[in-house]
Amino acid sequence: MAEQHADVTRPRLAALVVDDEPPARDELAYLLGEDPRLGRIHLAGSGAEALTILAQHAVDVVFCDISMPGQDGLEVARAAAAQPEPPSFVFVTAHDQHAVDAFEVDAIDYVLKPVREERLAEAVRRVVAARPAPAPPPAPTQPQDDDEVIPVELAGVTTFVKRSSVIYAQAQGDYTRLHTRDSNHLVRIPLSTLEERWASAGFARIHRSTLVSLGHVTQVRTDKGHCSVLLGPVELQVSRRHTRALRDRLGRPGEARRRESPTA
């Protein structure tokens with residue numbers, strides 16, 4: 001494949017190659033493996049096998065044939081679209097008559113066989129361009145005594161909640177519910193605002209609606225490709241999109257690193 005330069009600010013993409021013809025599948029996997037923008041590459045020989053892999057692994061992009069026995073590529077794309085965080089799709093096929101159908105299922109690109117290296121590189125570029133920009137690195141850690149206090153008013157009574165007492169926070173529309181060890185408080189602050197303000201204090205997004213304090217994480221669990229975190233007796237699900245970033249945060253020096261515990 002023509003030389004490509006990976007953006008060091010972005011994690012490499014996990015890919016799935018789906019084709020019922022082994023030579024075509026292996027050749028496409030080889031070409032993609034030469035691209036530094038891609039990381040782990042899964043292989044599937046049928047639509048059913050592809051959906052099994054998608055249910056068990058976090059996959060960013062699927063390079064999929066269309067005409068296959070059983071579930072074809074379009075059916076795989078429609079089924080994958082029902083996932084909470086579906087992968088991007090690039091169709092790689094010898095037939096051009098399915099192009100309209102492909103883009104109706106929001107395909108990023110449509111590549112005709114035989115695959116040319118430059119054309120495949122362009123498809124990867126489009127996938128990368130369509131993904132959200134990476135979050136900026138967290139600001140330097142604030143001094144430990146710089147503990148933000150949030151006033152919460154309810155029925156004429158104002159309660160002062162320290163950020164350090166918050167174990168996790170969950171979005172509720174334009175509001176956020178702050179959970180401490182023994183209570184919870186609803187504040188009129190969007191979760192995205194707290195995520196930005198509290199990133200340097202050790203808070204991380206684990207789901208589009210959940211922010212957790214990494215210092216309170218006691219375990220990380222994995223079960224059949226699904227990830228969750230324990231904060232004492234509380235267990236919260238981690239979305240596939242945020243799993244990799246969470247593991248990176250927990251593995252950094254200075255962050256809370258806990259023992260990972262696979263479930264039975």
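Helices and strands, as named in these legends, are DSSP runs, numbered from the N terminus. The model shown is predicted.

**Figure 1. Overview of the protein chain.** The protein chain holds 7 helices and 15 strands. Of its 264 residues, 41% are buried. Among contacts in the protein chain with a separation of 6 or more, 54% join residues 24 or more positions apart.

**Figure 2. Asp106 in the loop between α4 and β5.** The loop that contains Asp106 runs between α4 (99–104) and β5. The phi angle of Asp106 is near 65 degrees, which is a positive value in a residue other than glycine. Asp106 has a relative accessible area of 64% and is therefore exposed, the cut-off for this class being over 50%.

**Figure 3. Surroundings of Asp65, a position with a UniProt annotation.** In the UniProt record, an unreviewed entry, Asp65 carries the annotation "modified residue: 4-aspartylphosphate". Asp65 belongs to the loop between β3 (61–64) and α3 (73–80). Its relative accessibility is 6%, so Asp65 counts as buried; the limit for that class is under 20%. With neighbours within four places in sequence left aside, the contacts of Asp65 include Val18, Asp19 and Asp20. Gly73 and Lys113 are also in contact with Asp65, as are Phe91, Val92 and Thr93.

**Figure 4. Met68 in the loop between β3 and α3.** Met68 is located in the loop between β3 and α3, the loop that also holds Asp65. Met68 counts as buried because its relative accessibility is 8%. Not counting residues up to four places away in sequence, Met68 touches Val18, Asp19, Asp20, Gly47 and Gly73. Val18, Asp19, Asp20 and Gly73 are also among the contacts of Asp65. Glu21 lies 47 residues from Met68 along the chain, and the C-alpha atoms of the two are separated by 8.9 Å.

**Figure 5. The largest nonpolar core and a second core apart from it.** The largest nonpolar core has 21 residues, of which Leu16, Val18, Val62, Cys64, Phe89 and Phe91 touch the most other members. At least two residues of this core come from each of β1 (13–18), α2 (47–56), β3, α3 and β4 (88–93). Helix α3 gives the largest share, 4 residues. Another core, of 18 residues, lies apart from this one and has Leu28, Leu38, Val61 and Val90 among its members. In soluble globular proteins, nonpolar side chains tend to be buried together.

**Figure 6. Contacts of Cys64.** Cys64 is one of the residues that touch the most other members of the largest nonpolar core. Leaving aside neighbours within four places in sequence, Cys64 is in contact with Val18 and Gly73, and also with Phe89, Val90, Phe91 and Val92. Among these contacts, Val18, Phe89 and Phe91 are likewise listed with Cys64 in the core, whereas Val90 is a member of the other core, of 18 residues.

**Figure 7. Packing of α2 against α3.** The axes of α2 and α3 are 9 Å apart, at an angle of about 25 degrees. Helix α2 is therefore roughly parallel to α3, as angles under 35 degrees count as such. The two helices, α2 and α3, make a right-handed crossing. On the α2 side, the contact is made by Gly47, Ala50, Leu51 and Leu54; α3 contributes Val76, Ala79 and Ala80.

**Figure 8. Crossing of α1 and α5.** Helix α1 (residues 22–33) and helix α5 (residues 117–130) cross at roughly 65 degrees, and their axes come within 11 Å. This angle makes α1 roughly perpendicular to α5. The crossing in which α1 passes α5 is right-handed. Leu28, Leu31 and Leu32 of α1 meet Glu117, Leu120 and Val124 of α5 in this contact. Leu28 is also one of the members of the core of 18 residues.

**Figure 9. The cis peptide bond before Pro114.** Lys113 and Pro114 are joined by a cis peptide bond, with omega near -10 degrees. Pro114 is placed in the loop between β5 (109–112) and α5. Lys113 is one of the residues in contact with Asp65.

**Figure 10. Arg240 and its contacts.** Arg240 is part of helix α7 (residues 240–251). Arg240 counts as partly exposed because its relative accessibility is 22%. Along the chain, Arg240 and Ala58 are 182 residues apart, yet their C-alpha atoms are separated by 5.4 Å. Not counting residues up to four places away in sequence, Arg240 touches Leu54, Ala55, Gln56, His57 and Ala58, together with Gln83, Glu85 and His226. Leu54 also takes part in the contact of α2 with α3.

How values were computed
Residues are numbered from 1 along each chain as its sequence is written. This is a predicted model: local features need pLDDT of at least 70, side-chain atom pairs count only at pLDDT 80 or more; totals for chains, interfaces and linings use all residues. Side-chain values use heavy atoms; hydrogens and water are left out. UniProt positions are given in the numbering used here, feature names are shortened, and annotations may be inferred rather than shown by experiment. Buried means under 20% relative accessible area, exposed over 50%, partly exposed in between (1.4 Å probe, protein chains only). Contact means heavy atoms within 4.5 Å. A nonpolar core is a set of buried Ala, Val, Leu, Ile, Met, Phe, Trp, Tyr and Cys residues joined through side-chain atoms within 4.5 Å. Axes are lines fitted to C-alpha atoms, for helices over the stretch in contact, and angles run from 0 to 180 degrees between N-to-C directions. Angles under 35 degrees count as roughly parallel, over 145 as roughly antiparallel, 65 to 115 as roughly perpendicular and the rest as oblique. A crossing is left-handed if the near helix is turned anticlockwise from the far one by less than a right angle, and right-handed if clockwise.
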